[in-house]
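Here are a few exercises to try with the model open in your viewer. Have a go at each before you read on.

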Amino acid sequence: MLKKTVSFLLVCLFTAALTACGGGSGGNSGGSDPILIGHEVALTGGSALWGESEQNALDMEIEKINAAGGVLGRPIEFKRYDNKADQTEAVNVANRLVADGVCAIIGPAQSGVFIAATSVTEPAKIIMIGTTTTNEKCTVDDDGSLHPYNFRTTIIDSYQGLVAANFAVEDLGSTKAAIFIDIGSDYSQGLAAHFRNVYTQLGGTIVADEAFRSEELDYRAQLGKIKDSGADLVFMPTMQKEAGLAMKQARELGLTCNFLGGDAWASVELVELGGAATEGCFYVNLASLEDPNLAEWVAAYNTKWGKNPVMPNPVFAVDALYVIIDAIESTGGTDPDEMAAHIENIRDLKVLTGYISFEPETHNPTGKSAVIETVKDGEFTFYKGVS
Amino acid sequence: MLMQTLVTGIAVGGVYALMAVGYSLIFSILNFSNFAYGSIIMLGSYVGFFSLTSFGMPFPLALVVTMLVAALLSFLNERISYSSLRKRKAPSLYFMISAMGTSIFLENIVYATIGASFKAYPPLFAQATVDLGGSTIGKLDLFAIFFSAAAILVMHYFIKHSRTGIAIRAASYDSTIAQINGVNLNYVIGLVFVLAGLLAGISGVFLGLKYMAYPTMGWITNKAYVSAVIGGLGSLPGAVVGGLLLGVLESLISVYIRSTIRDVFSFTFLITVLLFMPSGLFGKYLEEKV
């Protein structure tokens, strides 16, 4: 009897789980089959803050699109799973999305995670558009071969490194820089390499090259060495958590130099964790809340979710959605090869962040601009635009 | 530079030592590595955070509350995850698996309830540092080192000289014989987890103050565990020495060799110690452990 009850309960649980998985999000307005789009996103873990913002932004957009009749008369539906910004998890999620039969995937937002997921999506011929995947290898391999179904809606690291190095030399007058990276992160290493190249070309000297391992919290030994090197600037292309802590520890050790970082700093947690030590630091961002082009959208987001989006992920996710929808509408279906051929030839498509065009050789968007932001009185403040 | 490196090393090592003592204490009596200990520290860190912010407690009260809650959690950890295994005389591998499961469970509970965002403690001392003959050390570090040292000393004294302490030592020697001689093993094991929990509370608050509270912070106790192994699992003085040694060694390597290969050195050190002294620097097999 007990065995039967247990089996019955298990069956119930299983059915409930299946139903819950099938739920997805977004409305199902029409009677016709929905078009399935995958969303690989970090909803837990260190990147969850951006992931949640991406989720909110996409749900808001899809509601609007479905209310207006969907795409090709069919509603859009998201299949969304949490990849924890973890490479192994991303592969599992990609497998699941392929099994769900999605026609394209938005995300993952992290370069290393995106590259890992490619091992599943490419053989399955699924279009995947990265949101803030700035590493070159996401679309073009080291040997120059193009990933035919991978795209991105953001700028690449070499451009971000260029912007950072130019800003360091020209605006901050830096001549001696220290580099402090997370040795376990493709993003951090890649960005640092580009910064180093441009910075030295511009006449600067790298006086210290220090690193830590992801998940470490104490950097005083490395920072002590940086202080000793006499650097006038520390370039830290790390996540917001490490950057906030490192700045705090650096100021405690008496470092007085400037701090410069990349787009991964753009979270309020940077200021929460680093406190007063983050005052006056600079970082390159891919999009700014204060961008006048986004003002209306940011206001709508704020009204719907009661808070501002965490930049820059949500806007690039929405851009990716527009690109996918354009491909579906233009090709009249969801054939991956036709969609890929269409996307690489997109010219001046109106998206959330402006107009997007793609380079067929690299699948990178062209003509995207970056911004420099700073922390002033504990708030992120737009410093200047760079294009 | 050398002086600053040593000071930094001791500050980092002090944190390792405090956590390593908790690991060692539990190992001494149950002979397994309680990997859930890191999660108890993590929960402690959250308790401290909410005591200070949501409940607005003054720091000393928040510290005491955190220690008590962490002690309770550690006690429940034993009663729920290990006591039934203990009663069935399961091999220590099962304890470790149960410990890992508990740790992942607790981590995910925090994700599901509190969320993934980092919680920064309000500053206890305004970015104040003390000058020690040319090198600087944070006031918080000094406070943490002294408070931790005092806590470890009290713990040591309690285990060495109190009646209950003798019972703990007897049980860590040989639990069966101790039981025959009238030691209530259930009580002693519960008490050891409570003591380890008190230390976890202190570690949690200091880690939170120094860095922050977040769901996966339990994993930073890996280094503490390495310290405990270097010092000799089961030995409290060993845990302290192991922690300080590892902290100083890491700082020296970061500064004088390369920070990128620091962990290569830390783990080479661990392997070397284990090659020549399999029970660690202070560990004694089949002898007095606590």
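Helices (H or I, at least four residues) and strands (E, at least two) are DSSP runs, numbered from the N terminus, and two strands pair if DSSP finds at least two bridges between them. This is a predicted model, where local features need pLDDT of at least 70, side-chain atom pairs count only at pLDDT 80 or more, and totals for chains, interfaces and linings use all residues. Residues are numbered from 1 along each chain as its sequence is written, with chains lettered from A and ligands numbered from 1 in the order in which they are written.

**Exercise 1.** Work out how β1(B) and β2(B) are joined.

*Solution.* Start with the pairing: β1(B) (residues 129–132) runs antiparallel to β2(B) (residues 135–138), over four bridges. Next, find Leu132(B), which sits opposite Ser135(B). Two residues lie between the strands, making a hairpin, and Gly133(B) in the turn has a positive phi of about 55°.

**Exercise 2.** Is α9(B) mostly covered or mostly uncovered?

*Solution.* Call a residue buried if 20 or more other C-beta atoms, placed from the backbone, lie within 10 Å of its own (exposed: 12 or fewer; partly exposed: in between). In α9(B) (residues 221–231), ten of the eleven residues are buried, so by that definition the helix is mostly covered. Among them are Tyr225(B) and Ile230(B). Now look at the partners: the buried residues pack against α1 (2–30), α2 (37–52), α10 (236–256) and α11 (262–276) of chain B, where contact means C-beta atoms within 7 Å. Finally, Gly232(B) follows the helix with a positive phi, near 110°.

Conventions. Two residues are in contact if their C-beta atoms, placed from the backbone, lie within 7 Å.
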